[in-house]
Protein chains: 2
Amino acid sequence: MEDNYHKLEVDGDFQSLKSTHNHTQANDTDSQVQILGGSQRDKMGSRTTLIIVAVVTAVLGITLGVLIGWFSSQAQFPDSEAYKIWLKALEGEDEAIREMILEELNADVIKENLRTLTAKPHLAGTPADKENAEYVKDKWDEHGLDSARIVPYNVLLSYPLKEKPNFVYILNPNGTEFYKSDPEEKDLDDGDKHPDTVPPFNAYAAEGTVEGDLVYVNYGRIEDFQKLDEELKVNVTGKICIARYGKIFRGDKAKHAQQYGAVGLVIYSDPADYAADDNTADVYPHTWWLPGSGVQRGSLYIKQGLGGDPLTPAYPSSENAYRYPESSVDLPKIPVQPIGYENAKHFLEQLDGDRAPDEWQGNIDGLANYNLGPGLLDERTVKLEVNNIRERKWTYNVIGMIRGSQEPDRYVILGNHRDAWVFGAVDPSSGTAVMLEITRAMGKLVKSGKWRPRRSIVFCSWAAEEYSLIGSTEWVEEFSKNLGSRAVAYLNVDNIPGNYTFRAKATPNLLQTIFEATKYVRDAPFPGHSETVYDTWLKRNPDGNQPKVSNLGSGSDYASFLGQLGISAVDLRYTFDSDLNISSYPLYHSMYETFHLVSEIMDRSFEYHLAVARVWAEMSRNLADSLILPFDCRDYTANLEKSIAALKEDYEQKMNEHDITFDAIDSAFGNLTSEAVAFHERIANSPLNDPFYVRRINDQLMYVDRAFTDPLGLPDRQLQRHVAFAPSSRDAYFGEAFPGIADLMFEIDKSPDPAAQWERVREHMSVIAFTIQSVATTIKDAESIDTLAPQR
Amino acid sequence: MEDNYHKLEVDGDFQSLKSTHNHTQANDTDSQVQILGGSQRDKMGSRTTLIIVAVVTAVLGITLGVLIGWFSSQAQFPDSEAYKIWLKALEGEDEAIREMILEELNADVIKENLRTLTAKPHLAGTPADKENAEYVKDKWDEHGLDSARIVPYNVLLSYPLKEKPNFVYILNPNGTEFYKSDPEEKDLDDGDKHPDTVPPFNAYAAEGTVEGDLVYVNYGRIEDFQKLDEELKVNVTGKICIARYGKIFRGDKAKHAQQYGAVGLVIYSDPADYAADDNTADVYPHTWWLPGSGVQRGSLYIKQGLGGDPLTPAYPSSENAYRYPESSVDLPKIPVQPIGYENAKHFLEQLDGDRAPDEWQGNIDGLANYNLGPGLLDERTVKLEVNNIRERKWTYNVIGMIRGSQEPDRYVILGNHRDAWVFGAVDPSSGTAVMLEITRAMGKLVKSGKWRPRRSIVFCSWAAEEYSLIGSTEWVEEFSKNLGSRAVAYLNVDNIPGNYTFRAKATPNLLQTIFEATKYVRDAPFPGHSETVYDTWLKRNPDGNQPKVSNLGSGSDYASFLGQLGISAVDLRYTFDSDLNISSYPLYHSMYETFHLVSEIMDRSFEYHLAVARVWAEMSRNLADSLILPFDCRDYTANLEKSIAALKEDYEQKMNEHDITFDAIDSAFGNLTSEAVAFHERIANSPLNDPFYVRRINDQLMYVDRAFTDPLGLPDRQLQRHVAFAPSSRDAYFGEAFPGIADLMFEIDKSPDPAAQWERVREHMSVIAFTIQSVATTIKDAESIDTLAPQR
């Protein structure tokens, strides 16, 4: 879209409109005087007084006439404020504003923001949560946002008990204690630990003590449990599982363990996934590698892959809202506890049974073989004691707004969560530090009167994301009506510092906007590096001739925007070299995510932070200021084309055997593809001087993702309404295309009633075809009867 | 809203804008010349040639200057087309257009339309259905609509078999036939009958033959069956029921009979409900009263109280759409057949058992007592033979459009169904005859270049309404995305001729628009009657100091617009004196609904038709042309206030006993009420010269009913999404307020699990409070952060 837009400026109507506008009233009057001057000189060749008088009179008369004509015409234009609005509407974006914002953003300020934000732990539902919310609100008031408010929700959270720690034990056959895990991470560097640091735990894990044989289940993926069951012939029913972190969302590990009948789960971080390949490499606090004591905290629950307070699906957790009883909600039913690899080694080295498959072997120093179990050597058993409590707490979103000058009811929304497991110097305070710098920079321009975006820009500091994307989901649920009809896009940054390349996940219509913004920003690190963010990204993670952009899963707060309401969304960050084979930055969710880690190790000059700040700000500005929204539907069709091809590769043959074809989908998709091309041709020839036309086209662009939603939701996931993209049901982190098909086809032959399941596949294929056709109809020429009665 | 709007014109900005606009370019130039003329006269008192020359030169110079000044100023306004658009945006509605449309509408043309439309039966799915669709399309093309298209759907319909008629028998104990009902209505007047006339039947009644004792069940309402069961101690299980038509939707009679275990149902029209009180009064063809032979046809099915093809709930019945197997859809499982009172008398006079309660007694001539049964005298039994088939057929909507000049993507939708059980001279062809006259009148203005509405006007001729509102529902489902975001309102006319007063059912925000339109139209009958439609209506059916407007049920094609999408809707017609105590016009759905009936008996001068045409057209024009949409949210709150009071009266005490309060609802409703007042104050002070502002306000007005929808639907009725209004679950014709509560509270003590049911009540009360609050948030100042983060 951005390219297209530029074309318009260069050779389309837009340029002529702009240059017309550049004539101010004063200039025009001057030019009239000059014309008259010319005609006056022509007549000066003649001689009589009469003529002189006539000419002078004529000049005066004409001048008077010009003024009368001018002002009477002006008076006809009803109102000068309206005139300004009208001109503003034609003006479009101001290139200079982009530069001002990009230049204003400052790495040092980001660094200081981060220092402040990470001064102490700020876990959701604790006093620090509220304090930080007030801090952000105050900052936004100070920065000059038009308004900022705290929006509280009362939600179910989960905490370990300091006075009654969680333990994983090895018991001797006589019941005595052979080994006991550490209740806390070790203090490795001055200031790593704070009295408020929450001990390692998995949020929402059931409270309880279980005892039994241990089984190693690799990453705890569904395919791992299947392999155990079918190939390796290890039954986990009644057992305690030990899984390593990585590859998939931890909540799905617990779900799978529970589903396969396990009574408890221990999750640990293996050096294979969280430390350097060379096991001898130094660890935190000298490097970013995970020390043996480090534990990844984290929630086990994302409500329907969307998030939100477990007790109030689909509705906001206001004080008096109806709440489901805890027992009727699908929270984990088994105790689960995370440990570090130093502790895990004690369990793994004791494991009896066959050696696990090669690809299941981890990399704990001194542990030659990872066995499967079940059970430990010498008939020892494992006891898992989890004393977590679930508790309703207040937690606080902060919402700030720069009011749009022309279309205040169109919202470009930036969001980042504020709650952290401990200090959260990476997750999420790196993002918060950047968002605060964007509000400062934009607020400064607004305060100075130099800028007010065409559309409103909304800043969101989310509460309790770590638990289940709660703050964002409750807010989306509360304001679903206004967001559904008015939100332009949601731009999320959770955490930032990778060290290899920029990374974006997004709905495909935002691709060009992302590319365009990344082309304006110099990549980090700056010394000796003059490439743009786009250049490095294209080089390091290409997808054909453009950088790779993945689909959105539910790893952060964009999930409900996209999944419940169909709001186009993007998630921005830097990422790591995939050759490192790490699942995330190694210290993720440990107490070692400190200011020290970021400022001394991961982003010493805060250049990665700055680059994200600039890309995020520029995308926002572009979406807020562009006369025509910079969405491109053709990138959507390109993405879907690949996704449909992949579906066919995976399922078409098998479907054909059940008399299900892709014909209806192919036909609808063909329509969508040609409509997308026609739509963008129409946009290129838009009468940009017609405000209603502009608004109409923008509504169509904005509602493309809305049109992908089905109010009835995906099969078995009523609140996941986007038919084309959703988090995978087997890994909430993964963004799946046409997820309903993947879900219904998964092990269809083993389903209790395959014929009924095939009927559901048949039905959902029809829903997909209908939905794609709906999108095509949404972008048809809105002036035409085609939008309500296509030729057929 | 309309009053408010008028206020604006009189004393607000709008007036000054309008008067400014009324200066055309030519006028302004003239007035300048006059001013100059004045100054010229002052100088004419002096004498020298010099001065004459100077003056003449000055005049020429000034004139030239005026022109230069004028055009240079014009040039500064970027584009003349845009200028016209801009002025048009400020212009608002044109009062003259209203008069032109109202005057153009012609009763004689309506009469001729009706004659043509009723020339032969035009049942859905028959060749005449398609022929009529093509006729309407051709007419619309001829009338000058910008476009008209046929939109076909392939849907499940139901027919009796001519070669194997349906019968209701009385059998002697030995099995021989004692009596057999007539398979057809009698030919009473030349031309009443046509070879294509479908015999009386109830659509979707199960095929089958059952035999057993007969029980009289009065109107077959749920309270009738309850009374039989609990008080009168007559068990209908295994019996055949006979019910009289009236009071509630016939499909609900069948549903209740089935629910209470009956094996079959006979429905007849009792003279008490369909003939004059004086049983000796003359009947059709001399009067409009039902003759003994007349039978009310009609469908037994409205999908979820919304309508649509039974096989494709929620999605359009396109050719390749997925269809549920018939067996999995809740179509009637028992045979049902309608008969006339001439036939019914044979069954009722044979009925054994106790005399039915007084209020159950009907008025068949010569039948002194209506007994309950079970069983007939002399051990005779009843046999019911129904040979209906269900069959997939093509049926045809016709969609026509007048493209809006300024906001073509805003749709004011007029709809009327086209299919009839037989000739349909009242239902629906009276409405079709009127709609065709509106398209002619509006088309003529458009063709002449005198008018193009600001917003698009969409005309819909619906297919297969009689079966289950099928054409409208499938269309709403197919275009749900575009209609959901773009439809302004839906205006339905099914059938017209009553003879007492105008009647409207509507969402409350449309009240003022209806009142306003009815004030412009002189009421029928015209001779000796100079009142407006509004005057008579107010006199004959008042609700406090304004005419009574009821809530919408699902009696016609507005059901899915409102219920699935939350599009504000209205249904217009004339109605009868309620003192007549008739359920509908007596010949409803009989084969005697002929052109003769309408043109000779019910509306000889077609003045009722004309009055509806004018009200319908004027409402449409107003909604299409008004700069600010003429909705009034304050009427919504006034309506809801009463509804909430009624809820409290019915349920509050009982709820309190279960610890459920109205507090959250009261609080949300208080917010809504004050927001509605504030919203209309803002509208009264709108900068009407800002097109984006106008669009924004209009979107808020338009989305009020959208905000009342919940994507999760009502309890047990997923596709009924409007939380405030829906058809009653026990009578689809009745529009219930907060229907979820009525449904959940209905006989709650007798529910299988009262505690669980009370939990659902508690939950739904919370959903209602949330929904009302959502509406309040929708109409908050759209420039304010209040829309996303209210102070609390």
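**Exercise 1.** In this predicted model, state which helix holds A:Arg706, decide whether A:Arg706 is buried or exposed, and describe its surroundings.

*Solution.* The helix in question is α25 of chain A, which spans residues 704–707. The relative accessible area of A:Arg706 is 9%, and because buried means under 20%, A:Arg706 counts as buried. Leaving out residues up to four places away in sequence, A:Arg706 touches residues of chain A, including A:Leu483, A:Gly484, A:Ser485, A:Arg486 and A:Ala487, and also B:Lys481 of chain B. With A:Ala487 there is a polar approach as well, since a polar atom of the A:Arg706 side chain lies 2.7 Å from the backbone oxygen of A:Ala487. As for A:Arg454, 252 residues apart from A:Arg706 along the chain, the C-alpha atoms of the two are separated by 22 Å.

**Exercise 2.** Place A:Ser643 in its helix and find which residues A:Ser643 contacts beyond its neighbours within four places in sequence.

*Solution.* A:Ser643 belongs to helix α22 of chain A, residues 633–657. Its relative accessible area is 11%, so A:Ser643 is buried. Beyond the sequence neighbours within four places, the contacts of A:Ser643 are with A:Ala737 and A:Phe738.

**Exercise 3.** Characterise how α22 and α27 of chain B cross, and which residues make the contact.

*Solution.* The axes of α22(B), residues 633–657, and α27(B), residues 754–778, come within 13 Å and cross at roughly 150°. The crossing is left-handed. On the α22(B) side the contact is made by B:Ile644, B:Lys654 and B:Met655, and on the α27(B) side by B:Trp758, B:Val761, B:Met765 and B:Ile772. Sorted by character, these residues comprise 6 nonpolar, no polar and 1 charged.

Notes: Residues are numbered from 1 along each chain as its sequence is written. Chains are lettered from A and ligands numbered from 1 in the order in which they are written. This is a predicted model: local features need pLDDT of at least 70, side-chain atom pairs count only at pLDDT 80 or more; totals for chains, interfaces and linings use all residues. Side-chain values use heavy atoms; hydrogens and water are left out. Axes are lines fitted to C-alpha atoms, for helices over the stretch in contact, and angles run from 0 to 180 degrees between N-to-C directions. Helices (H or I, at least four residues) and strands (E, at least two) are DSSP runs, numbered from the N terminus. A crossing is left-handed if the near helix is turned anticlockwise from the far one by less than a right angle, and right-handed if clockwise. Contact means heavy atoms within 4.5 Å. Ala, Val, Leu, Ile, Met, Phe, Trp, Tyr, Cys and Pro count as nonpolar, Asp, Glu, Lys and Arg as charged, and the others, Gly among them, as polar. Buried means under 20% relative accessible area, exposed over 50%, partly exposed in between (1.4 Å probe, protein chains only). A polar contact is a pair of N or O atoms within 3.5 Å; within protein, one must be able to donate a hydrogen and the other to accept it, and residues adjacent in sequence count only if both atoms are side-chain atoms.
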